[in-house]
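Please work through the exercises below with the structure open beside you, trying each task before reading its solution.

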Amino acid sequence: MYRNKYRLIIPFLFPSVLLYVVFVMYPYLRAMYISFTRWRGLTPNPEFVGLENFARMLQDELFWNALQHNVIYLLTLPIVTISLGLFLAFLLTQGVRFAKFYRVTFFFPQVMSVVAIGVLWSFVYHPTMGILNSLLMLVGVQEPPVWLGNPDTALGAVGAVVVWQSVGFYMVLFIAGMESIPNTFYEAAVIDGATRWHLFWHITLPLLWDTVRTALVFLAIGAVDMFAIVQTMTEGGPSRATDVLATYLYETAFLGSKFGYATAIAVSMFLMVLTLSVVLMRVTARESLEY
Amino acid sequence: MTTETLPQPAPAAAPRHQASTSLGGWLTRALINLFLGLWALVVIFPMVWLVYTSFKTDQEIFFNPWSLPTSLQWDNFVRAWVSAHIGDYFLNSLIVVLPSLVLILLLGSMAAYVLARFPFPGNRVIFYLFLSGMLFPVFLALVPLFFLVKNLGMLNSYVGLILVYVAYSLPFSVFFLTGFFKTLPSELHEAGIIDGANQYQVFFLIMLPLAQPGLVSIGIFNFLGMWNQYILPLVLMSDPARYLLTQGLAYMLHQQYYMNDWSGLFAAVTMVMVPTLITYVIFQGQIQKGITVGALKG
C-alpha cells in the first residue's frame with residue numbers, strides 16, 4: 001500500500017510548501033532582519049543599525065500617539081463587544097419569537113467587507129447628510145458633534161462601528177456554547193428556585209468561560225490591528241486623533257519610504273499581540289469545567 | 001475530529017423554564033423583545049437607508065437625509081458602475097479571488113491529505129511550519145512582501161496577488177483540512193487500492209468527495225477573507241486600473257472631496273452590499289458555521 005508513496009507525497013506537498021516558504025516564511029523572517037536596519041528601499045541591501053529603530057520608537061511622539069489609541073481600543077472594545085454579545089446570546093436562548101431572524105440579521109455585518117462598512121458609516125456620521133445627526137437634532141440636540149471630524153469624538157465613533165460589526169459574530173459563538181450546556185443543569189437549578197440571572201451567572205457564564213477567553217484573544221488581536229476600518233473612515237485623522245499603529249506603520253513604510261523603521265513598528269506590534277495572547281490566556285485560566 | 005468537536009445543539013436548547021403568564025414574566029418578555037428589536041433596527045436600518053438613498057439626487061441627500069426618493073435615479077448606478085469603475089473593480093476582484101479559491105482548495109487539500117495520512121520523515125516539521133503561519137499577523141510581512149513581489153516583477157499583477165492570497169490562506173486551510181482528513185476511515189483507502197485504484201485515484205475519487213463538508217467550510221471562510229481583503233491589494237496593487245473592489249470603494253470615498261458625487265457613491269456601496277446580502281441570506285446557515293468553526297479552530 002505504501003510502495004512508492006513519495007511519488008504522491010512530493011508532488012502533493014511541493015507546490016504548497018514552495019508558495020508558503022517563499023511568500024510567507026521568508027517575508028516574516030526577513031522582517032526580523034529589516035527591523036534592525038535603516039532602509040529607504042533604494043539600495044538592495046539595507047544598512048544594519050542594530051537597535052536604533054527601537055530606540056527611536058521610544059522617542060517618537062507619533063508612535064506613542066498611535067499606540068495610545070490601540071490601548072484605548074484594547075481596553076474598551078473587547079469588554080463592550082463581549083458583554084453585548086453575551087447579552088444578546090442570552091436573550092436569544094430564552095425561547096423568544098423570531099430568534100432565527102435575529103440571529104441571521106445580527107450576524108450579517110460580519111460578512112460585509114470592513115471597507116464597505118466604513119464607507120456606510122461615514123455616511124451615517126456625516127454632519128449634513130448623515131441620519132445620526134438629523135436624528136439627534138430631531139430629538140432636540142442643538143449642535144450635534146461632527147463625529148469623524150472632531151478629534152474628541154472620532155476615536156469613539158470608529159470604535160462603535162467595530163462593535164456594531166463584530167457583536168453578531170460573538171453572539172453566534174456564545175449561542176453555540178450555550179446550546180451545548182445540558183438542559184438538566186438548568187432544570188435542577190430552577191427546581192431549587194434560581195432566577196434567570198442566577199442561571200446566567202452561576203451556570204451559563206462559568207460553563208461558557210472557555211469560549212469567552214477565546215473571544216477575548218480574538219478581540220485583543222483585532223484591537224491591535226484596526227487598519228482597514230481606520231484607513232477607510234478617517235485615514236488616522238483628524239489631526240491623528242484616530243491614528244493606530246497599523247495606519248502609522250503603513251504611512252511610514254509606503255508613503256514615507258522608511259522601511260526599516262516601519263518594520264520595527266511591525267515587530268513591536270507582533271510582540272504586543274504575542275504577549276497579550278499569552279497573558280490573557282494565563283490570567284483568565286481557570287480549572288476547566290467538565291460536563 | 002473537526003465535526004465531532006462542534007457543539008451539538010441540545011434537543012431542547014432554550015431553557016424555557018419560567019412561567020411567562022405572570023405580570024413579571026410578561027414584562028421581562030416585553031423588555032427582551034424590545035431590546036432585540038432595537039438592536040435589529042440598529043443593524044438593519046443603516047443598510048436600508050443606504051439602499052433607498054442611492055436612488056436619490058444629491059440635492060435630496062443633503063437636504064432631506066431621511067426622506068424617500070421622489071423619483072428613482074437609476075442614473076446613479078450607471079455612473080457608479082461605468083464612470084466610477086465599480087464594474088471594473090468587481091471584475092478585478094473576481095479575476096483574483098476565483099482562481100485563488102480554486103487553488104487554495106486544491107493545493108490545501110493535497111498538502112493536508114498527505115500530512116494527515118502518510119507518515120514520513122519531516123511530516124511533523126512541515127505541519128508545524130504551516131501551523132506557525134497562524135501566529136504571525138500579516139502586517140509584520142508587509143514590507144518584505146512588497147519588495148519580494150516587486151523583485152519577482154509581480155507588483156500590479158493578478159498572478160502575483162493570487163499567489164500571495166493562496167500562500168496566506170495555506171496555514172489555516174492546511175491545519176483545518178488535516179484535521180478533517182484524519183477522520184476519514186483508512187479502510188476506504190485500502191479498499192480502493194485493492195480494487196486497483198492508484199494513489200491519485202484514491203485521493204481524487206474517494207477522499208476528496210468525502211472531504212466535501214470540510215472543503216465547503218474552508219471555501220466559505222477563504223472566499224469571504226479574500227473578497228474582503230484590503231491590506232494586501234492596497235500594498236501590492238497600486239495601479240488604479242487593477243484595483244480590487246475594496247480598494248476601489250475606499251478610493252472613491254477618499255476622492256469625494258474633489259468629486260462630489262455622493263449619490264454615485266451611495267449607489268456604489270449599494271451595489272457592493274446587495275449581492276453580499278443576497279448570498280448571505282441564501283447560504284446563511286453554512287456561512288455562519290463556516291466562519292465560526294473557522295475562527296474557533298484558528
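The exercises that follow concern a predicted model, and each is a task with a worked solution.

**Exercise 1. One helix and its two sides**

Task: Find which residues of helix α8 of chain A are buried, and work out why they line one face of the helix.

Solution: Begin with the extent of the helix, which covers residues 183-191 of chain A, and pick out its buried residues, namely Asn183(A), Tyr186(A) and Ala189(A). Next, look down the axis of α8(A): the buried residues fall within an arc of 130 degrees, so they line one face of the helix. A general point helps here, since an α-helix has 3.6 residues a turn, so residues three or four places apart point the same way. Then turn to the other side of α8(A), where Thr184(A) and Ile191(A) are exposed. To see what covers the buried residues, look for α9 (196-225) of chain A, which is included in that cover. Finally, go past the end of the helix, where α8(A) is followed by Gly193(A), a residue with a positive phi near 90 degrees.

**Exercise 2. Where the two chains meet**

Task: Describe the interface of chain B and chain A, stating how many salt bridges the rule finds across it.

Solution: Start with the residues that take part: 105 residues of chain B are in contact with 101 residues of chain A. The area buried between the two chains is about 9,600 Å², and carbon and sulfur atoms give 79% of it. Now search for salt bridges between chain B and chain A, of which the rule finds zero, and then for polar contacts, where it finds 16 residue pairs, both residues being at pLDDT 80 or more. On the side of chain B that touches chain A, the largest share comes from helix α1 (residues 23-53) of chain B, with 17 residues. Sorted by class, that side of chain B has 84 nonpolar, 17 polar and four charged residues.

**Exercise 3. Two residues inside helices**

Task: Decide whether Gln165(A) is buried or exposed, do likewise for Ser169(B), and list what each touches.

Solution: Locate Gln165(A) in helix α7 (residues 151-179) of chain A. Its relative accessible area is 14%, and buried means under 20%, so Gln165(A) is buried. Beyond its neighbours within four places in sequence, Gln165(A) is in contact with Pro109(A), Gln110(A), Met112(A), Val114(A) and Ile117(A).

Move on to Ser169(B), which lies in helix α7 (residues 158-182) of chain B. With a relative accessible area of 9%, Ser169(B) is buried as well. Its side chain reaches the backbone oxygen of Tyr165(B) at 2.7 Å, and, leaving out residues up to four places away in sequence, Ser169(B) touches Ile104(B), Asn222(B) and Met226(B).

Methods
Residues numbered from 1 in each chain as written. Chains lettered and ligands numbered in written order. Predicted model: local features only at pLDDT ≥ 70, side-chain atom pairs only at ≥ 80, totals over all residues. Heavy atoms only, no water. Buried < 20%, exposed > 50% of the residue type's maximum accessible area, 1.4 Å probe, protein only. Helix = DSSP H or I, 4+ residues; strand = E, 2+ residues; numbered from the N terminus. Arc of directions from axis to C-beta. Contact = heavy atoms within 4.5 Å. Buried area = accessible area lost by both parts, 1.4 Å probe. Salt bridge = Lys/Arg side-chain N within 4 Å of Asp/Glu carboxyl O. Polar contact = N/O pair within 3.5 Å; in protein donor to acceptor, adjacent residues only side chain to side chain. Nonpolar A, V, L, I, M, F, W, Y, C, P; charged D, E, K, R; others polar.
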